[in-house]
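User: I would like to learn how to read the features of a structural model one at a time, with the general idea first and the particular case after it. Could we work through one together?

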Amino acid sequence: MLGHPAHLIALGGGAGLAPAAPGTVGTLLAFPLYWGLAPVCTTQMLLALVALGFVTGIWACGRTGRALAAADHGGIVWDEIVAFLLVLVFTPGGYLWQACAFGLFRLFDVVKPPPIGYFDRKLKNGFGVMFDDMLAAAYTLILLALLRRMFASSIG
């Protein structure tokens, strides 16, 4: 992990070395990042950080995947961190919504419904590693928006 800065990033500072469920551990790492950044950053700043994280991830995950001889090695968790950080930017306030967002994101990231699974199989490079998680983030945000709309209309 310490052999190159790309490995440190791609492995989420060590979160990807968790003996069980490294993707879940990486996703969880987005919570303290978001909770620390949100009070001091505007939405635009957070989105800029996500964009920077995405571009950095293309490089770091690509290099680390080549070094590990597995394009999307299970220990590479930067993609989960960045994608779930994006989800948290748009998740309604409150721990219940955040927990729901976490569950949905993990579901979409693991199950990989179309077209997530297609891109996961076809794009075997740093972009592919990052892209399929962004699709899981998009699915999560769409479902959260629908849930929010359902709950708002049932209350009002």
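**Reading the features in turn**

Analyst: Let us begin at the surface, where Leu107, Val110 and Val111 form a nonpolar patch with about 280 Å² of accessible area together. Please keep in mind throughout that this is a predicted model. Leu107 is found in helix α5, and its relative accessibility of 44% makes it count as partly exposed.

User: How many salt bridges does a search of the whole structure find?

Analyst: The general idea is to look for a side-chain nitrogen of Lys or Arg within 4 Å of a carboxyl oxygen of Asp or Glu. In this structure the search finds three salt bridges. One of them pairs Asp109 with Arg106, with the closest N and O atoms 2.6 Å apart. Both of these residues lie in helix α5 (residues 95–111), where they are three residues apart, about one turn of the helix, and both Asp109 and Arg106 are buried.

User: With which residues does Lys112 form a salt bridge?

Analyst: Lys112 forms a salt bridge with Asp109, for which the closest N and O atoms are 3.4 Å apart, and Lys112 also forms a salt bridge with Asp132, for which the corresponding separation is 3.1 Å. Lys112 lies in the loop between α5 and α6 (116–122) whereas Asp132 lies in helix α7, so the pair ties together parts that are 20 residues apart in sequence. Through shared partners, the salt bridges join Arg106, Asp109, Lys112 and Asp132 into one network.

User: Is Asp132 buried or exposed, and which residues is it in contact with?

Analyst: To read burial, one compares the relative accessible area with a cut-off, and a residue under 20% is called buried. Asp132, which is found in helix α7 (residues 126–155), has a relative accessible area of 0% and is therefore buried. Its partner in the network, Lys112, appears again among its contacts: leaving aside neighbours within four places in sequence, Asp132 is in contact with Asp72, Asp109, Lys112, Ile116 and Asp120. Asp109, too, is buried, at a relative accessible area of 6%.

User: Which other residues of helix α7 could serve as examples, and how does one read distance along the chain against distance in space?

Analyst: The idea is to set the separation in sequence beside the C-alpha to C-alpha distance. Tyr139, which is in helix α7, is 35 residues from Leu104 in sequence and 8.4 Å from it in space, C-alpha to C-alpha. For Gly128, also placed in helix α7, the C-alpha atom is separated by 20 Å from that of Leu141, 13 residues apart along the chain. Tyr139 is partly exposed, with a relative accessible area of 24%, while Gly128 counts as buried at 3%. Apart from neighbours within four places in sequence, Tyr139 is in contact with Phe108, Pro113, Pro114, Pro115 and Ile116.

User: What kind of peptide bond joins Pro114 and Pro115, and which backbone angles deserve a careful look?

Analyst: One reads omega for the peptide bond and phi for the residue. A cis peptide bond joins Pro114 and Pro115, with omega about 0°, and Pro115 lies in the loop between α5 and α6. Lys112, found in that loop as well, has a phi near 55°, a positive value in a residue other than glycine. Ala69, although not a glycine, likewise has a positive phi, of about 55°; Ala69 lies in the loop between α3 and α4 and is exposed, with a relative accessible area of 72%.

User: How does one check the span of helix α2, and what covers its buried residues?

Analyst: One compares an expected span with the separation of the end C-alpha atoms. At 1.5 Å a residue, the 16 residues of helix α2 (residues 22–37) should span 22 Å, and the end C-alpha atoms are 23 Å apart, which agrees. The buried residues of α2 are Pro22, Gly23, Gly26, Thr27, Ala30, Phe31 and Tyr34, and what covers them includes α3 (43–67), α4 (78–90) and α5.

User: How many disulfides does the count come to?

Analyst: The rule asks for a pair of cysteine sulfur atoms within 2.5 Å, and by this rule the count comes to zero disulfides. As for the cysteines, Cys41 is buried at a relative accessible area of 16%, whereas Cys100 counts as partly exposed at 28%.

Definitions and conventions. Residues numbered from 1 in each chain as written. Predicted model: local features only at pLDDT ≥ 70, side-chain atom pairs only at ≥ 80, totals over all residues. Heavy atoms only, no water. Helix = DSSP H or I, 4+ residues; strand = E, 2+ residues; numbered from the N terminus. Buried < 20%, exposed > 50% of the residue type's maximum accessible area, 1.4 Å probe, protein only. Contact = heavy atoms within 4.5 Å. Patch = residues over 30% accessible without salt bridge, like charges linked within 9 Å, V, L, I, M, F, W, Y side chains within 5 Å. Areas by Shrake-Rupley, 256 points an atom, 1.4 Å probe, with all protein chains shown as cover. Expected span 1.5 Å × (residues − 1).
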